[in-house]
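User: Hi! I'm new to this one and would like to talk about charged side chains. Can you walk me through it?
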Amino acid sequence: MADNKLRCVVVLRLESSGSTMIAKYDHAAQYETHSGTGTSKLYGGRDKDFAGAIQEAVSKDPPGSGGNGFGGFKVVQSDIHQLVYGADESGICIAVITGIRYPSRVAIKMLQELYTQFQDRFGGDAAMAPTNSLTKKAKELLSGECKKYEDPSNVDKAQKVLGQVDVVKGQMQDNIAGMLKNTERAESLAEKSDQLNEQASVFKKKAVDLKKQMRWKNLKMTIILVLVIIGAILIIVVPLVVKK
């Protein structure tokens, strides 16, 4: 899953035959594997730890020349991770692997600061140090830098502003979503109101029609009753008149 977390930092000594990992620190706090393939530019093979993946990627695609200092930075990305690394003219290379959303400019800033401090403390040993021989000695330095740069917004003003913009953007999106939801509710209520008005109009029309029908029915019954009474009277009266 894409994120902006730091994973692992390593210190390599680049050589003509490849590279030697002289120090590493796994900031992920536990062994973390990936599902890369052998053809990936970032990963050397399936289920290889981050330090091993970094070393293989750097060996295949070394950083550019740092000139008189630390530089020649390269950024290699996969779907969810990115590898950022640079080196000096003597071949000391420092690399960090992060989530794809971690700003590469912040990662480069971290590497520059880490390089300066590493050279101050271990520069004399780095040139001949065997594999992983400085891992324990440099753990405090590497872990400290990882903790410092764990949250990009704490060390990068631009990233902090971008983070604040994202927060405001998220709030605005929530507000707009709420407004749209309220609009939908209002439209639904208006539609229901129209339906009720239409139903009331239909009911009123039917009531008027029914009233007219009942009035006409009552009139017919009254006429029939009058005719029946008249007929009965005639039946009774006519014979009497004839006898006289």
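Analyst: Happy to. Arginine 13 and glutamate 15 form a salt bridge, with 3.1 Å between their closest N and O atoms. Keep in mind that this is a predicted model.

User: Is arginine 13 buried or exposed?
Analyst: Arginine 13 is buried, since its relative accessible area is 11% and the cut-off for buried is under 20%.

User: And what about its partner, glutamate 15: how accessible is that?
Analyst: Glutamate 15 has a relative accessibility of 34%, so it counts as partly exposed.

User: Why would such side chains pair up at all?
Analyst: Opposite charges can pair when the charged atoms of the side chains come close.

User: How many salt bridges are there in the whole structure?
Analyst: A search of the whole structure turns up six. One of them joins lysine 74 and aspartate 61, at 2.6 Å from N to O.

User: Where do those two sit?
Analyst: Lysine 74 is in strand S3 (residues 71–77), while aspartate 61 is in the loop between helix H1 (50–60) and S3, so the pair ties together parts 13 residues apart in sequence. Lysine 74 is partly exposed at 25% relative accessible area, and aspartate 61 is partly exposed at 28%.

User: Let's switch to the helices. Which residue does glutamate 113 form a salt bridge with?
Analyst: Its partner is lysine 148, and their closest N and O atoms are 2.7 Å apart. This pair links distant parts of the chain, 35 residues apart: glutamate 113 belongs to helix H2 (residues 104–126) and lysine 148 to helix H3 (residues 139–148).

User: Last one: how accessible is lysine 148?
Analyst: Lysine 148 counts as partly exposed, with 39% relative accessibility.

Notes. Residues numbered from 1 in each chain as written. Predicted model: local features only at pLDDT ≥ 70, side-chain atom pairs only at ≥ 80, totals over all residues. Heavy atoms only, no water. Salt bridge = Lys/Arg side-chain N within 4 Å of Asp/Glu carboxyl O. Buried < 20%, exposed > 50% of the residue type's maximum accessible area, 1.4 Å probe, protein only. Helix = DSSP H or I, 4+ residues; strand = E, 2+ residues; numbered from the N terminus.
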